[in-house]
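Work through the exercises below with the sequence and the structure side by side. Try each task before reading its solution.

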Amino acid sequence: MASTSAGQPDGRSSAEQEALDAMRPHLHGMWAAAAPSWGERAAYVDERAAPIAERLLALSAPQPGERVLELACGPGGLGLAAAGLVGPGGEVVLSDVAQEMAAIAAARAQERGLANVTTRVLDLERIDEPDRSYDVVLCRDGLMFALVPARAAAELARVLRPGGRVALAVWGPRERNPWLGVVLDAVSAQVGAPVPPPGIPGPFALQDAGALAGLLSGAGLADVTVGEVPVPFEAASPEDWWALTTALAGPLATLLTSLPADAAQALRARAREDISSYRTPAGTLQIPGVSLVAAGRRPG
Ligand SMILES: C[S@@+](CC[C@H](N)C(=O)[O-])C[C@H]1O[C@@H](n2cnc3c(N)ncnc32)[C@H](O)[C@@H]1O
């Protein structure tokens, strides 16, 4: 691992840290298992998240010749868009903790003939890259899966050169994202316990805009801003909504496939009922969603 200034920035004890470290391979393995679903739906993901990508690229403004690191890239749509901005003299590194995700991103870069894109397997909590090695760090819907978000924030600040920019997106408040909140609520009701369990990161772990800004400022970043991008979810039917959302749910997808058939059926029925309030007169679904987009700069 490259030199790192990230110790235990949140003040956890060594025993607590060890317990978290023991969970990592399991969580990362669940993302690896979700990779084929993400690969099959990469075009859909990019289309739905296009307004987020547009805002992140506007905020970070990658320039010709610059080096860009995308963290938690999944199929890599955001970094692939950045490749056109840095041009042939620049470089984009698409990275993910799951090798299977990085491989999908690599194949997509190759299909596009992008010679300025490489891929790496990197954990955003322990970025195995030298200090001050990137002009821009991007991350769409990845930071909230960090077991120790303060460590991840310190790491992304560390790999930025002085003056370098970060732009990242996380999901906003759960109650303003019923397209996914309804699934989590239904699963929690079905299993009789909160999902994700307390202390385990999930899609809404960084849903508070003030806390997100504090996280980035606490990592030493300057000019931190947090805004919102509407990301509504449109689906032809409740069945389509359920199929798409659960296929892309990462660790949640693993939990769902492990449920007994009758429990899974009851859960689907409960979720379909709960989501029906978003039905349009035409029978389709229009479900609200909002993303938080944050940006900052390494001083210097
Ligand atoms: C919700 S998906 C987002 C994928 C992609 N950024 C996008 O917007 O299409 C979350 C991604 O985070 C990755 N991930 C989860 N934990 C990670 C970690 N600790 N370090 C790096 N990537 C991680 C997963 O493998 C997955 O690809």
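**Exercise 1.** Find which atom of the ligand lies 2.6 Å from a polar side-chain atom of aspartate 96, then describe the surroundings of the ligand.

Solution. Keep in mind that the model is predicted.

Step 1. The partner of the aspartate 96 side chain is an oxygen atom of the ligand, at 2.6 Å. A polar contact is a pair of N or O atoms within 3.5 Å, so an N or O pair at 2.6 Å falls inside this cut-off.

Step 2. Two further pairs involve a nitrogen atom of the ligand. Aspartate 123 places a polar side-chain atom 2.9 Å from a ligand nitrogen. Leucine 124 uses a backbone N or O atom instead, also 2.9 Å from a ligand nitrogen. The ligand taken alone exposes 590 Å², of which the protein buries 97%.

Step 3. Count the shell. It holds 17 residues, and Ala72, Asp96, Asp123, Leu124 and Arg140 are the closest. By class, 11 are nonpolar, 2 polar and 4 charged. Helix H1 (residues 14–40) gives the largest share, 3 residues.

**Exercise 2.** State in what order the strands of the open sheet are arranged, and which strands lie at its edges.

Solution.

Step 1. Reading across the sheet, the 7 strands follow the order S3-S2-S1-S4-S5-S9-S6, with mixed pairing.

Step 2. Strand S3 (117–121) and strand S6 (222–230) each pair on one side only, which makes them the edge strands. On average, neighbouring strands are turned by 15° against each other, direction ignored.

Step 3. Look at one pair inside the sheet. Strand S1 (residues 67–71) and strand S4 (residues 134–140) run parallel and are joined by 4 bridges. Within this pair, valine 68 has valine 136 of S4 as its bridge partner.

Step 4. Add the helices. Helix H4 (residues 77–86) packs on the sheet and touches S1, strand S2 (91–96), S3 and S4; its direction makes about 170° with that of S2. Helix H6 (residues 149–159) lies across S1, S4 and strand S5 (160–171), at about 145° to S5.

**Exercise 3.** Locate the cis peptide bond and the alanine with a positive phi.

Solution.

Step 1. The cis bond joins valine 195 and proline 196, with omega about -5°. Proline 196 sits in the loop between helix H7 (178–191) and helix H8 (209–218).

Step 2. Alanine 61 has a phi of about 45°, a positive value although this residue is not a glycine. Alanine 61 belongs to the loop between helix H3 (50–60) and S1.

Note on methods: Residues numbered from 1 in each chain as written. Predicted model: local features only at pLDDT ≥ 70, side-chain atom pairs only at ≥ 80, totals over all residues. Heavy atoms only, no water. Near = heavy atom within 4 Å. Polar contact = N/O pair within 3.5 Å; in protein donor to acceptor, adjacent residues only side chain to side chain. Areas by Shrake-Rupley, 256 points an atom, 1.4 Å probe, with all protein chains shown as cover. Helix = DSSP H or I, 4+ residues; strand = E, 2+ residues; numbered from the N terminus. Nonpolar A, V, L, I, M, F, W, Y, C, P; charged D, E, K, R; others polar. Pairing = 2+ DSSP bridges. Axes fitted to C-alpha atoms, helices over the stretch in contact; angles between N-to-C directions. Contact = heavy atoms within 4.5 Å.
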